[in-house]
Every structure is written in structure tokens, then in C-alpha cells.
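This briefing covers pockets, one helix and charged pairs. Please have the sequence and the coordinates open while reading.

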Amino acid sequence: MQPLHVVYGGAHLFKAGTVPKLGELARKAAEEHRRLQQWLERIWNISIDGIFVIDAQGEIIMVNPSGQRILGLPDEQITSQRYDAPLWDVTDEDGIPLKPGEYPFEVVRQTGTPVRGAKLVVNGSDGTRRVLSLDCAPLWDESGTFAGAF
């Protein structure tokens, strides 16, 4: 029979036959949590793909540095907008504005399934035309309720 091991995020916190002190267990768990948080921050910051997090109401609540670079806007201007804000001037590849229900976020919210490889164009106020290929996937809260998308 294998001894019981308690593992959190890949770190062995204790094994059967030992009785850890509660403070020690909490300290190890907190260290592992910090380590995982640092990894996630590195991935967020170095990803070459733009990552946008949209809440259940359609507000853009987070954007990584690559997303800012792709849109040519700072975080504050992006996260103060909805996914369908007029600022984005989103069209399909032929220049036809998207109709309600055609935005990838709306499809994900309605179906609960990811959208892969959607082609959209964001027309900047400075005349730039950014052709995007994007994926959009649902985010669920602990109770299984739709919480947004990324």
C-alpha cells in the first residue's frame, strides 16, 4: 500500500505517518500558491497572443500586454469598454459590420461552447485595419454559471 501524500499544485505538503503542524501546512500551501501565481503572471505577460477577459455582462475586465499592442491602445482604454463598443468598429473580412449575435462572445455566451478561428476586422480611428483570428472560450464560476469568456 502506498503512503498517503497531500499535494497542492505539485508541492508535497505532507505524507502519511507524519502529523504536520497547522502553521507549517498553511505556510507551505501559501508558498505554493505564490509560486503558481508568479507562473501565471509570467505566462500572462509574455504570451505573444492577445488575451482579453470579458465578464458575463460583456465588459472587458483584463487585457494582457500583447492585446494592448495588437489594438494599439493602453489597458485603461480597453478595459473601460464592452466587447461590442462602437470604438472597435468590428466588421467581417468583407467590411460588413457584425450583427447582434454574430460576435464570438455572444456565441459562447449562448451556446457555452468555444469559438475557434473567428476572423474579424477591427478598424481603428487612425485608419488602421487589424485583421484578427481569434478564439473565445467560456469561463464558468464554481457553481457552473457562465462568468464570462476569454
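How exposed is Arg82, as a relative accessible area? Arg82 has a relative accessible area of 28%, which makes this residue partly exposed. The model is predicted. A search of the whole structure gives three salt bridges, and Arg82 takes part in one of them, with Asp84.

**Salt bridges**

- In the pair formed by Arg82 and Asp84, the closest N and O atoms lie 3.0 Å apart. Asp84 is partly exposed too, with a relative accessible area of 27%.
- Arg27 is bridged to Glu31, and the closest N and O atoms of this pair are 2.0 Å apart. The two residues, Arg27 and Glu31, are four residues apart in helix H1, so about one helical turn separates them.
- Arg27 has 36% relative accessibility and therefore counts as partly exposed. Glu31, at 38%, also falls in the partly exposed class.
- Glu32 forms a salt bridge with Arg35, with 2.5 Å between the closest N and O atoms. Here the spacing in helix H1 is three residues, so Glu32 and Arg35 are again separated by about one helical turn.
- The two ends of the Glu32 and Arg35 pair fall in separate burial classes: Glu32 is buried at 6% relative accessibility, whereas Arg35 is partly exposed at 35%. The cut-off for buried is under 20% relative accessible area, which is why Glu32 qualifies and Arg35 does not.

**Largest pocket**

- The largest pocket holds about 770 Å³ of space. Its lining consists of 27 residues, and those closest to the pocket centre are Gly50, Phe52, Leu132, Leu134 and Asp135.
- Strands E3 (52-55), E6 (115-123) and E7 (129-136) each supply at least two lining residues, as do helices H2 (65-71) and H4 (104-111).
- The top contributor to this lining is E7, with five residues.
- By class, the lining of the largest pocket has 21 nonpolar, three polar and three charged residues.

**Second largest pocket**

- The second largest pocket contains about 170 Å³ of space.
- Its lining is made up of Leu40, Glu41, Ile43, Trp44, Ile51, Met62 and Phe150.
- Helix H1 (residues 22-46) provides the largest share of this lining, namely four residues. H1 is also the helix that holds the Arg27 and Glu31 pair and the Glu32 and Arg35 pair.
- Six residues of the lining of the second largest pocket are nonpolar, none is polar and one is charged.

**Helix H4**

- Which residues of H4 are buried? They are Pro104, Phe105, Glu106 and Val108.
- The cover over these buried residues includes E3, E6 and E7, together with strand E8 (138-140) and strand E9 (146-149). Of these, E3, E6 and E7 also supply residues to the lining of the largest pocket, as does H4 itself.
- Gly112 comes just after H4 and takes a positive phi of about 75 degrees.

Definitions and conventions: Residues are numbered from 1 along each chain as its sequence is written. This is a predicted model: local features need pLDDT of at least 70, side-chain atom pairs count only at pLDDT 80 or more; totals for chains, interfaces and linings use all residues. Side-chain values use heavy atoms; hydrogens and water are left out. On a 1 Å grid over the protein atoms alone, a cavity is a set of points where a 1.4 Å probe fits but cannot get out, and a pocket is an open set with protein on both sides within 12 Å along at least five of seven lines; lining residues have an atom within 4 Å of a point. Grid points are joined across faces, edges and corners, and a volume is the space filled by probe spheres set on the points. Ala, Val, Leu, Ile, Met, Phe, Trp, Tyr, Cys and Pro count as nonpolar, Asp, Glu, Lys and Arg as charged, and the others, Gly among them, as polar. Buried means under 20% relative accessible area, exposed over 50%, partly exposed in between (1.4 Å probe, protein chains only). Contact means heavy atoms within 4.5 Å. A salt bridge is a side-chain nitrogen of Lys or Arg within 4 Å of a carboxyl oxygen of Asp or Glu.
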